[in-house]
Amino acid sequence: MTETRDKAGRILRRYTVREGREIFDREARAKLGISAAEFVRRWRAGAYDGPEADTPEVTALAIFLPAYRAQRKRPSRSR
Amino acid sequence: MPRESAQAEAAERFRRAFNDSTGCVTAEPVQIIPHGRRLRALRLEAELHSRRRRRFRLELAQAFTIREHPTHGPKAHTVSYRYMLDAENGPMLRYEWTPDLGIAWPHLHVYGGPALPDGKPFDRLHLPTGRVTVERLVWLLIEGFEVAPLKPLAESKRILASNERLFEHFKTW
């Protein structure tokens, strides 16, 4: 992670792709008690398709799911 | 301009707008988290204080990719977002658009309302909203929750209105 300041003095923390994966995994374990890989596996299997699935914990992780859309057998609903 | 440079510039413009708009209420660091080859997430966590000394906790996350706009070249394309506002005694609001989950459209969860007819908590409702920009959320914080802006009010309004116009100009839906 590199920390810089922009012209307005705001701190920016830029992570690498590898660190992004680590963040995803760490947060999946903290929020759901499962690895990121297991979260994605369950998502691919439809475990989070129901209207009750969007708990705060799941939606915090769902931010990363667009990166896996090409791997999902069922299409994500765009709108 | 080489394609990669143009894409990086588009990502940087998006980041700057996010920075400028959220900078109206907080100076907390912005995280820029790439995921996979194309996805980037901007995230921010901040404690906010109202003019009446109430405290709030804000979590913002916005994921985007860079796509080719038909007339403007590479531009950031939001693919999901989540804005959560907690009060001192628990969650209050959660705006989200996470189309990869069960509810594909932008919506709002409100905490603390009356129980639903089936006994479920009010926050289980998915209240339709249309797309909610970071700018509109920040204005809600300033005007509705009386969060003290870090900049003069007129300047905050100008920044938010300008970035909102940019969104309106470039949005595809």
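Okay, let's start with two helices in chain A: the axes of helix 1 (residues 17-32) and helix 2 (residues 36-44) come within 7 Å and cross at roughly 75°. Axes here are lines fitted to C-alpha atoms, for helices over the stretch in contact, and angles run from 0 to 180 degrees between N-to-C directions. That crossing makes helix 1 of chain A roughly perpendicular to helix 2 of chain A, on a scale where under 35 degrees is roughly parallel, over 145 roughly antiparallel, 65 to 115 roughly perpendicular and the rest oblique. Helices (H or I, at least four residues) and strands (E, at least two) are DSSP runs, numbered from the N terminus.

Quick housekeeping: this is a predicted model, where local features need pLDDT of at least 70 and side-chain atom pairs count only at pLDDT 80 or more, while totals for chains, interfaces and linings use all residues. Residues are numbered from 1 along each chain as its sequence is written, chains are lettered from A and ligands numbered from 1 in the order in which they are written, and side-chain values use heavy atoms, with hydrogens and water left out.

Back to those helices. Which residues of helix 1 of chain A meet helix 2 of chain A? They are Phe24(A), Asp25(A), Ala28(A) and Leu32(A), and on the helix 2 side we have Ala36(A), Phe39(A) and Val40(A). Contact means heavy atoms within 4.5 Å. By class, that's six nonpolar, no polar and one charged residues. Ala, Val, Leu, Ile, Met, Phe, Trp, Tyr, Cys and Pro count as nonpolar, Asp, Glu, Lys and Arg as charged, and the others, Gly among them, as polar.

Now the sheet. There's an open sheet of nine strands with mixed pairing, in the order 1(A)-2(A)-1(B)-2(B)-3(B)-4(B)-5(B)-6(B)-7(B). Two strands pair if DSSP finds at least two bridges between them. The edge strands, each pairing on one side only, are strand 1 (2-5) of chain A and strand 7 (127-128) of chain B.

Let's walk along it. Strands 1 and 2 of chain A pair antiparallel over four bridges, and Thr2(A) has Arg14(A) as a bridge partner. They form a hairpin with five residues between them, where Gly9(A) in the turn has a positive phi of about 90°.

In chain B, strand 1 (residues 30-35) pairs antiparallel with strand 2 over five bridges. That hairpin has three residues between the strands, and Gly36(B) takes a positive phi near 70°. Next, ten bridges join strand 2 of chain B to strand 3 of chain B, again antiparallel, with Glu45(B) partnered by Glu59(B). Here five residues sit between the strands, and Arg53(B) takes a positive phi near 70°. Strand 4 (residues 73-87) and strand 5 (residues 90-97) of chain B are antiparallel too, over seven bridges.

What about salt bridges? The rule is a side-chain nitrogen of Lys or Arg within 4 Å of a carboxyl oxygen of Asp or Glu. The whole structure has 23 over all chains. One of them joins Glu3(A) and Arg13(A), with the closest N and O atoms 2.7 Å apart. Glu3(A) is in strand 1 of chain A and Arg13(A) in strand 2 (residues 11-14) of chain A, so the pair ties together parts that are ten residues apart in sequence.

Last stop, the interface. How many residues does each chain put into the contact? Chain A gives 40 and chain B gives 44. Together they bury about 3500 Å², 54% of it on carbon and sulfur atoms. Buried area is the accessible area (1.4 Å probe) that two parts lose on being put together, summed over both. Seven salt bridges cross this interface, and Arg14(A) also meets Glu12(B) in a salt bridge at 3.4 Å, N to O.
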